[in-house]
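Open the model in your viewer and keep the sequence panel beside it. This tour tells you what to select at each stop and what to look for there.

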Amino acid sequence: MRDAFDVVVVGSGAGGGVIAGELAQRGRDVLLLEAGPHLTAADFVRWEAKATHDLFWPLRLAPLPSGEMFAFLAGRCVGGTTTINTKVALRAHERDVAKWQDASGLTTDRGEPFTAADLAPYYDRVEQVLGVRVRTDWTRSVHTVEAGFRALGAELEPVHSYTDGNCMRCGSCLQGCPTNAGKSTENTYIHDAWARGLLELRADANVERVLVEDSQATGIEYVDADGARHTVRAGAVVVACGALNTPQLLLRSGLQGEAIGKHLGLHPVRLVYGLFEEPQDAHMVYPITAHCMAHQHDEDGGFVIEATTIQDPISFATTLCDENGPLWGERLVEAVRGFRHWVGLLAMANDENNATVVVDENGGERFDIDFQPRELERIDASFEFSRKVLEASGAKQICWTGLASTHVQGSCRMGDDPGGSVVDRNGESHDVKRLFVGDGSLIPRTLSVNPSLTIMALATRLADHLDSDPNRYLGSKAAGVGKAA
């Protein structure tokens, strides 16, 4: 087993998977490490409990002042959350990106504020690789609620999706796509390079720390599935473990920057369900089929509604609430018995990055959330609007879930100001050379839309920078081609 590479990438999701694949395809000698297993379409079946165990991080919770618990959901497998997400492909709005410069002083190499236009060529490249398309093949549940949106003066728009024609609308996205129609980083960027012997992939590898010598990253230490410890040396290290895990790895590696773990954005979501007389089969769709952008911007309400979707039966049954609290007993039995009749709307509110990732004195993780009044107003407004849509559509009962996040962003944000950011405009640590961050934790302020496409665009941009190698961190390209196992 080799122990030296040009680049070691830690994490294989929307950030790390793209960076590793891009660099490997260009002849760079790359090792990609993933904490979770390497499972493929042959392993993906619609068995909710098994998929949750095999593909997801164990559920993480954070207490809110109200006494509720806030849940974090993410993938833990090759491909990361892109393996089990809904494949929504939306570009960041220019108003979202305009917030970045104010948040962290982020500018371009020209000294100008970073704008959405600076990401446009990278979006183009990602969309081409993923085959992004507009989907208008709506199912019954979407048409049912469309009338409710129109009654409230709003419109549903078709979703942009990174799925291909093999999508059978089976609703299995959260268990991994069994037809490979969903274009995760695994079955695009990673497998294309891995199958050609250009990329070395090691799954079930728990990276414990980045090796730092004389303020330079020199490699990593990880533990494999058998408990054996390994050291790998590299010309550059890219940490792309996600916005919850990346700051923890940096802190456990001895970095002490004030902004590490700060400014965590949650993009809080809640599912709001309506019960209808006729079966809707909201579980037999590609889970996010359409969206309403009428209130996307802060001044318009600060939330986006995605339609339609529903959790699988176990998650559905264990998260249902109404005005009287969690459903249980006969009421819960009746609700679950009507599973095919429920339609869900996903209400996503804009937040202002007021959460923090903390590593305590015992090395344990903690997530502190401090929602401000404006954020709570948006969360409440998104819920009330969703309720009104369902009622206007004819729902005879409304239930909902607690708050959760699948879109964490910003805990190691990029910027020009070392006091308010962790890495520079190229993703390199302000304090440790050769150490880069390449995932959603780069984003200085939470987006108003699903962030995966933006994370992939930023990852493509970072891959370009690493490949250009302005500081001569890497070896020659010729030396890397074909070396991977």
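**Stop 1: Two aspartates in loops**

Select Asp469, which is found in the loop between α11 (452–468) and α12 (477–480). Keep in mind that this is a predicted model. Asp469 has a positive phi of about 50°, although it is not a glycine. Most residues other than glycine have a negative phi. Is Asp469 buried or exposed? Asp469 is buried, because its relative accessible area is 7% and buried means under 20%.

Now select Asp204. Look for it in the loop between β7 (199–202) and β8 (206–213). Asp204 is not a glycine either, and its phi is positive, about 50°. Asp204 is partly exposed, with a relative accessible area of 33%.

**Stop 2: Strands β8, β9 and β10**

Stay with β8 and add β9. The two strands run antiparallel, and seven bridges join them. Find Val207, then look across to Tyr222 in β9, which stands opposite. Next, go to the turn. The hairpin of β8 and β9 has two residues between the strands. Asp214 in this hairpin takes a positive phi near 55°.

Add strand β10, residues 229–239. β9 pairs with β10 over five bridges, again in the antiparallel sense. Which residue of β10 is the bridge partner of Tyr222? The partner is His230. So Tyr222 faces Val207 and is also bridged to His230 in β10. This second hairpin has five residues between β9 and β10. Click on Gly227 in the turn: its phi is positive, about 90°.

Show the surroundings of β9, residues 216–223. How many of the eight residues of β9 are buried? Seven are, so the strand is largely enclosed by the rest of the structure.

**Stop 3: Strands β1 and β2**

Select strand β1, residues 4–10, together with β2. These strands run parallel and are joined by four bridges. Val7 stands opposite Val30 in β2.

Now look at both faces of β2, residues 30–33. Val30 and Leu32 lie on one side. Leu31 and Leu33 lie on the other. All four are buried, and both faces of the strand are covered.

**Stop 4: Gln248 in helix α7**

Keep Leu33 selected and add Gln248. The two are 215 residues apart in sequence and 16 Å apart in space, C-alpha to C-alpha. Gln248 is found in helix α7, residues 246–252. Gln248 is buried, with a relative accessible area of 3%. What is Gln248 in contact with, leaving aside neighbours within four places in sequence? Select Arg60, Val357, Val359, Glu365 and Phe367 to see these contacts.

**Stop 5: A cis peptide bond**

Move to the bond from Ala307 to Thr308. This peptide bond is cis, with omega near -15°. Most peptide bonds are trans. Thr308 is in strand β13, residues 303–309. Thr308 is buried, with a relative accessible area of 0%.

Add Ser141. A polar contact of 2.7 Å joins the side chains of Thr308 and Ser141. Beyond its neighbours within four places in sequence, Thr308 has other contacts too, among them Val142, Val145, Pro287 and Gly344.

**Stop 6: Helices α5 and α10**

Val145 is in α5, so it leads to the next helix pair. Select helix α5, residues 140–151, and helix α10, residues 373–392. They pack at an angle of about 115°, with their axes 7 Å apart. The crossing is right-handed. In α5, pick out Val145, Gly148, Phe149 and Ala151. They meet Phe385, Val389, Leu390 and Ala392 in α10. The residues of this contact divide into seven nonpolar, one polar and no charged.

**Stop 7: Helices α1 and α6**

Finish with helix α1, residues 16–25, and helix α6, residues 186–195. Their axes are 8 Å apart, and the helices pack at an angle of about 35°. Is the crossing of α1 and α6 left-handed or right-handed? The crossing is left-handed.

Show side chains on both helices. From α1, select Gly17, Val18, Gly21, Glu22, Ala24 and Gln25. From α6, select Tyr189, Ile190, Asp192 and Ala193, which they meet. Here the contact residues divide into five nonpolar, three polar and two charged.

Technical notes
Residues are numbered from 1 along each chain as its sequence is written. This is a predicted model: local features need pLDDT of at least 70, side-chain atom pairs count only at pLDDT 80 or more; totals for chains, interfaces and linings use all residues. Side-chain values use heavy atoms; hydrogens and water are left out. Axes are lines fitted to C-alpha atoms, for helices over the stretch in contact, and angles run from 0 to 180 degrees between N-to-C directions. A crossing is left-handed if the near helix is turned anticlockwise from the far one by less than a right angle, and right-handed if clockwise. Contact means heavy atoms within 4.5 Å. Ala, Val, Leu, Ile, Met, Phe, Trp, Tyr, Cys and Pro count as nonpolar, Asp, Glu, Lys and Arg as charged, and the others, Gly among them, as polar. Buried means under 20% relative accessible area, exposed over 50%, partly exposed in between (1.4 Å probe, protein chains only). Two strands pair if DSSP finds at least two bridges between them. A polar contact is a pair of N or O atoms within 3.5 Å; within protein, one must be able to donate a hydrogen and the other to accept it, and residues adjacent in sequence count only if both atoms are side-chain atoms.
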